[in-house]
Amino acid sequence: MNAIKVIAIWGIVATSAAVAGGLIAASRNRDHSWWAAWCFVVPPMLILLLLLPRNVGPRPRQRTLDEDDREVI
């Protein structure tokens, strides 16, 4: 197997894991963008997400840049 095939397969696996991670995280009431990004970088994180229980309560939201800037000043 040459390097081009390995890179292509890795790209397909990483993209598929990111999409699956985002969808599964959204269904489990977790931060979908965080999970999608990490499942893209490290596809086995998808297994960890599957093992985690559903998050009860409101869905976590990311802080805006304005909120981060207010804390610094």
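Me: Contact means heavy atoms within 4.5 Å, and the model we're looking at is predicted. Leaving out residues up to four places away in sequence, which residues does W35 touch?
Reply: Let's go through the contacts of W35 in chain order. Among them, G21, A25 and R30 come up, along with M45 and L48. To finish the list of what W35 touches, add L49 and L52.

Me: Is W35 buried or exposed?
Reply: Buried means under 20% relative accessible area. W35 has a relative accessible area of 8%, so the word for W35 is buried.

Me: Okay, which residues make up the largest nonpolar core?
Reply: In soluble globular proteins, nonpolar side chains tend to be buried together. Here the largest nonpolar core has seven residues, and W35 is one of them. The full set is A17, A25, W35, C39, M45, L46 and L49.

Me: And which element gives the most to this core?
Reply: The elements that give two or more residues are α1 (3–27), α2 and α3 (45–51). Three residues is the top contribution, and it comes from α3.

Me: Now the rings: how are those of W34 and W35 arranged, stacked or edge-to-face?
Reply: There are two aromatic pairs in the count. In the pair of W34 and W35, the ring centres are 5.0 Å apart and the planes sit at 80°. Planes over 60 degrees apart count as edge-to-face. With 80° between them, the W34 and W35 pair is therefore edge-to-face.

Me: What is the angle between the planes in the aromatic pair of W34 and W38?
Reply: W34 and W38 both belong to helix α2, four residues apart, which is about one turn of the helix. Their ring centres are 6.2 Å apart, and the pair is tilted, with the planes at 50°.

Me: So which residues do ring pairs link into a cluster?
Reply: W34 pairs with W35 edge-to-face. W34 also forms a tilted pair with W38. Put the ring pairs together and the cluster is W34, W35 and W38.

Me: How accessible is W34, as a relative accessible area?
Reply: W34 is in helix α2 (residues 32–41). Partly exposed sits between the 20% limit for buried and the 50% limit for exposed. W34 falls in that range, because its relative accessible area is 40%.

Me: Which residues form a nonpolar patch on the surface?
Reply: W38 is partly exposed at 38%, and W38 is one of the patch members. Together the patch has about 470 Å² of accessible area. The members are W34, W38, F40, V41 and V42.

Me: Any odd backbone spot? What is the phi of N29, which is not a glycine?
Reply: Find N29 in the loop between α1 and α2. N29 counts as buried, because its relative accessibility is 9%. Its phi is positive even though N29 is not a glycine, at about 65°.

Me: How far apart in space are P44 and A17, C-alpha to C-alpha?
Reply: P44 is in the loop between α2 and α3. P44 is exposed, since its relative accessible area is 51%. P44 and A17 are 27 residues apart in sequence, yet C-alpha to C-alpha they are separated by 8.3 Å.

Me: What separates the C-alpha atoms of A8 and S33?
Reply: A8 is in helix α1 and counts as partly exposed, because its relative accessibility is 40%. A8 and S33 are 25 residues apart along the chain, and their C-alpha atoms are separated by 23 Å.

Definitions and conventions:
Residues numbered from 1 in each chain as written. Predicted model: local features only at pLDDT ≥ 70, side-chain atom pairs only at ≥ 80, totals over all residues. Heavy atoms only, no water. Patch = residues over 30% accessible without salt bridge, like charges linked within 9 Å, V, L, I, M, F, W, Y side chains within 5 Å. Areas by Shrake-Rupley, 256 points an atom, 1.4 Å probe, with all protein chains shown as cover. Salt bridge = Lys/Arg side-chain N within 4 Å of Asp/Glu carboxyl O. Buried < 20%, exposed > 50% of the residue type's maximum accessible area, 1.4 Å probe, protein only. Phe/Tyr/Trp six-rings, centres within 6.5 Å; stacked < 30°, edge-to-face > 60°. Core = buried A, V, L, I, M, F, W, Y, C linked by side-chain atoms within 4.5 Å.
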